[in-house]
Amino acid sequence: MLIKLREALGGLKVAMPHTRESPASLMTEWLLQGHAEGDFELGYNVLLQGVGDVVPKVKISKKDLTTAEVIKHAQNGMQVVELELEWREQISFTLTQDFTLKRIQYLDVLQEEAEGHGDDAASLMFASQILMTEALGTMLDELVSYLGGWQE
C-alpha cells in the first residue's frame with residue numbers, strides 16, 4: 001500500500017512515531033505500580049529486559065502481572081520492553097518499547113456494539129469497521145497522552 005501511495009503522490013516520507021516519554025519507561029512504571037492508568041488495564045503477558053554485555057530477558061506469559069515475583073524483576077533494574085494491555089474492555093494489544101502495537105484484538109464488547117448497528121452482513125461489517133477504527137483512534141490518543149504527546 002505504501003508503494004502505491006508513493007507512486008501516486010510522487011513520494012511519501014514515512015517515519016516511526018516518537019513520543020516525549022519512552023513507552024518502555026511508562027510500561028515499567030505501570031508494572032511497578034501494579035496497575036495501568038486511565039482506561040488501560042494490565043494484561044497477562046510481559047517481556048522484561050536488563051542491561052549489560054549479555055542482555056538478560058524474562059518473558060512472563062499468562063500470569064497475574066501484579067504479583068511480587070513479577071514486579072521484583074522491574075525493581076531489580078529490568079525494563080519492560082513489551083506489555084500486554086487492555087483498553088476499556090474493547091481492545092487487547094501488546095505495546096512494545098518502540099511504540100509498535102502487536103496482537104491487536106477487538107473484544108466482545110465492541111463486537112456486540114457493532115451488532116446493534118447492522119441489519120445484514122454488509123452493514124454489520126461496515127459498522128464493525130467504523131467502530132473499530134474509532135476505538136483504535138481514541139485508544140491511541142489516550143495512550144499518547146500518557147506518553148507526554150508526540151515529539152516533534
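## Helix 2, helix 3 and three residues to look at

The axes of helix 2 (residues 23-33) and helix 3 (residues 68-75) come within 9 Å of each other, crossing at roughly 140°. Keep in mind that this is a predicted model. Below you'll find that helix pair, then the chain as a whole, then a few single residues.

**The helix 2 and helix 3 pair**

- Angles over 145 degrees would count as roughly antiparallel, and with a crossing of roughly 140° helix 2 and helix 3 are therefore oblique to each other.
- As for handedness, helix 2 goes past helix 3 in a left-handed crossing.
- On the helix 2 side the contact is made by Thr28, Leu31 and Leu32, and these meet Val70, Ile71, Ala74 and Gln75 of helix 3.
- Sorted by class, that contact has five nonpolar residues, two polar ones and no charged ones.

**What else helix 2 is up to**

- Which residues of helix 2 are buried? They are Pro23, Ala24, Leu26, Met27, Thr28, Trp30 and Leu31.
- Thr28 and Leu31 are buried and also take part in the contact with helix 3.
- Helix 3 is one of the elements that the buried residues of helix 2 pack against; the others are strand 1 (40-49), strand 3 (79-87), strand 4 (91-96) and helix 5 (121-146).
- Glycine 34, just after helix 2, has a positive phi of about 85°.

**The chain as a whole**

- You're looking at five helices and five strands, and from the N terminus on they run α-α-β-β-α-β-β-β-α-α.
- Along the principal axes, the C-alpha atoms fill a box of roughly 55 × 40 × 25 Å.
- The chain has 152 residues, and buried ones make up 35% of them.
- Of the contacts with a separation of 6 or more, 52% come from residues 24 or more positions apart.
- About 9,500 Å² of the chain is exposed, and carbon and sulfur atoms supply 52% of that area.

**Phenylalanine 99**

- Phenylalanine 99 sits in the loop between strand 4 and strand 5 (101-106).
- Is phenylalanine 99 buried or exposed? Its relative accessible area is 9%, and because anything under 20% counts as buried, phenylalanine 99 is buried.
- Setting aside neighbours within four places in sequence, phenylalanine 99 is in contact with Pro17, Pro23, Leu140, Leu143, Val144, Leu147 and Trp150.
- Pro23 in that list is one of the buried residues of helix 2.
- The C-alpha atoms of phenylalanine 99 and valine 81 are 9.8 Å apart, with the two positions 18 residues apart along the chain counted as their separation.

**Serine 92**

- Serine 92 belongs to strand 4, and serine 92 is buried, with a relative accessible area of 9%.
- Not counting residues up to four places away in sequence, serine 92 touches Glu84, Leu85, Glu86, Arg103, Ile104, Gln105 and Leu107.

**Glutamine 111**

- You'll find glutamine 111 in helix 4 (residues 108-115).
- The relative accessible area of glutamine 111 is 28%, and because buried means under 20% and exposed means over 50%, glutamine 111 comes out as partly exposed.
- Leaving out residues up to four places away in sequence, glutamine 111 touches Tyr106, Ser128 and Met132.
- Glutamine 111 and glutamine 90 are 21 residues apart along the chain, and their C-alpha atoms are separated by 8.5 Å.

Conventions: Residues numbered from 1 in each chain as written. Predicted model: local features only at pLDDT ≥ 70, side-chain atom pairs only at ≥ 80, totals over all residues. Heavy atoms only, no water. Helix = DSSP H or I, 4+ residues; strand = E, 2+ residues; numbered from the N terminus. Buried < 20%, exposed > 50% of the residue type's maximum accessible area, 1.4 Å probe, protein only. Contact = heavy atoms within 4.5 Å. Axes fitted to C-alpha atoms, helices over the stretch in contact; angles between N-to-C directions. Parallel < 35°, antiparallel > 145°, perpendicular 65-115°, else oblique. Left-handed = near helix turned anticlockwise from the far one by under 90°. Nonpolar A, V, L, I, M, F, W, Y, C, P; charged D, E, K, R; others polar. Areas by Shrake-Rupley, 256 points an atom, 1.4 Å probe, with all protein chains shown as cover.
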